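Here are my notes on this one, written as numbered points. Have the structure open while you read, and please check each point against it.

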Amino acid sequence: MLDVALVSSFLGNTANIVEKLKSEKIVSHEGLVIYQDSNEVEYRIDLNIGDPKSRFINFKNFLKSKTLKKLLLKH
């Protein structure tokens with residue numbers, strides 16, 4: 001996993017949401033790609049949202065979670 005300070009420097013307050021997703025074991029993979037020629041950085045997270053039957057319910061529950069609402073209100 002990428003260092004929290006590195007991710008925070010790119011994502012700002014959004015890094016809190018990414019950390020929460022990781023603590024909930026929803027993030028299955030993350031990566032950082034640096035494109036030197038164009039001076040761009042790409043940060044990607046892959047989410048594990050469960051089997052097809054429970055995907056919508058799991059994602060909806062996360063979006064409705066009190067923790068996520070608290071993180072979003074901090075912006």
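1. Let's start with Glu-19, which counts as partly exposed because its relative accessibility is 26%. Keep in mind throughout that we're looking at a predicted model.

2. Which residue does Glu-19 meet in a salt bridge? The partner is Lys-22, with N to O at 3.0 Å. The pair also shows up as a side-chain polar contact, again at 3.0 Å.

3. How far apart are these two along the helix? Lys-22 and Glu-19 are three residues apart in helix H2, so about one helical turn separates them. Helix H2 itself covers residues 14-23.

4. Is Lys-22 buried or exposed? With 14% relative accessibility, Lys-22 counts as buried, because the cut-off for that label is under 20%. Glu-19, at 26%, falls in the partly exposed class. So this salt bridge pairs a buried lysine with a partly exposed glutamate.

5. Lys-22 has another acidic partner to look at. Lys-22 also forms a salt bridge with Glu-30, where the closest N and O atoms are 3.2 Å apart. Here too the side chains are listed as making a polar contact, at 3.2 Å. Glu-30 is buried, as its relative accessible area is 9%. Through shared partners, the salt bridges join Glu-19, Lys-22 and Glu-30 into one network.

6. How many salt bridges does a search of the whole structure find? It finds four. Besides those of Lys-22, one of them is between the side chains of Glu-24 and Lys-20, at 2.5 Å from N to O. Glu-24 is partly exposed, given a relative accessible area of 41%, whereas Lys-20 counts as buried because its relative accessibility is 18%.

7. Now for a link to another part of the chain. Lys-22 and Leu-47 are 25 residues apart in sequence, and their C-alpha atoms are 9.2 Å apart in space.

8. Leu-47 leads us to the nonpolar side of things. Which residues form the nonpolar patch on the surface with Leu-47? They are Ile-49, Phe-59 and Leu-63, and together the four have about 320 Å² of accessible area.

9. One member of that patch, Leu-63, is worth placing. Leu-63 sits in helix H3, which runs over residues 55-64. Leu-63 counts as partly exposed because its relative accessibility is 45%. That value fits its place in the patch, since patch residues need over 30% relative accessible area.

Key:
Residues numbered from 1 in each chain as written. Predicted model: local features only at pLDDT ≥ 70, side-chain atom pairs only at ≥ 80, totals over all residues. Heavy atoms only, no water. Patch = residues over 30% accessible without salt bridge, like charges linked within 9 Å, V, L, I, M, F, W, Y side chains within 5 Å. Areas by Shrake-Rupley, 256 points an atom, 1.4 Å probe, with all protein chains shown as cover. Helix = DSSP H or I, 4+ residues; strand = E, 2+ residues; numbered from the N terminus. Buried < 20%, exposed > 50% of the residue type's maximum accessible area, 1.4 Å probe, protein only. Polar contact = N/O pair within 3.5 Å; in protein donor to acceptor, adjacent residues only side chain to side chain.
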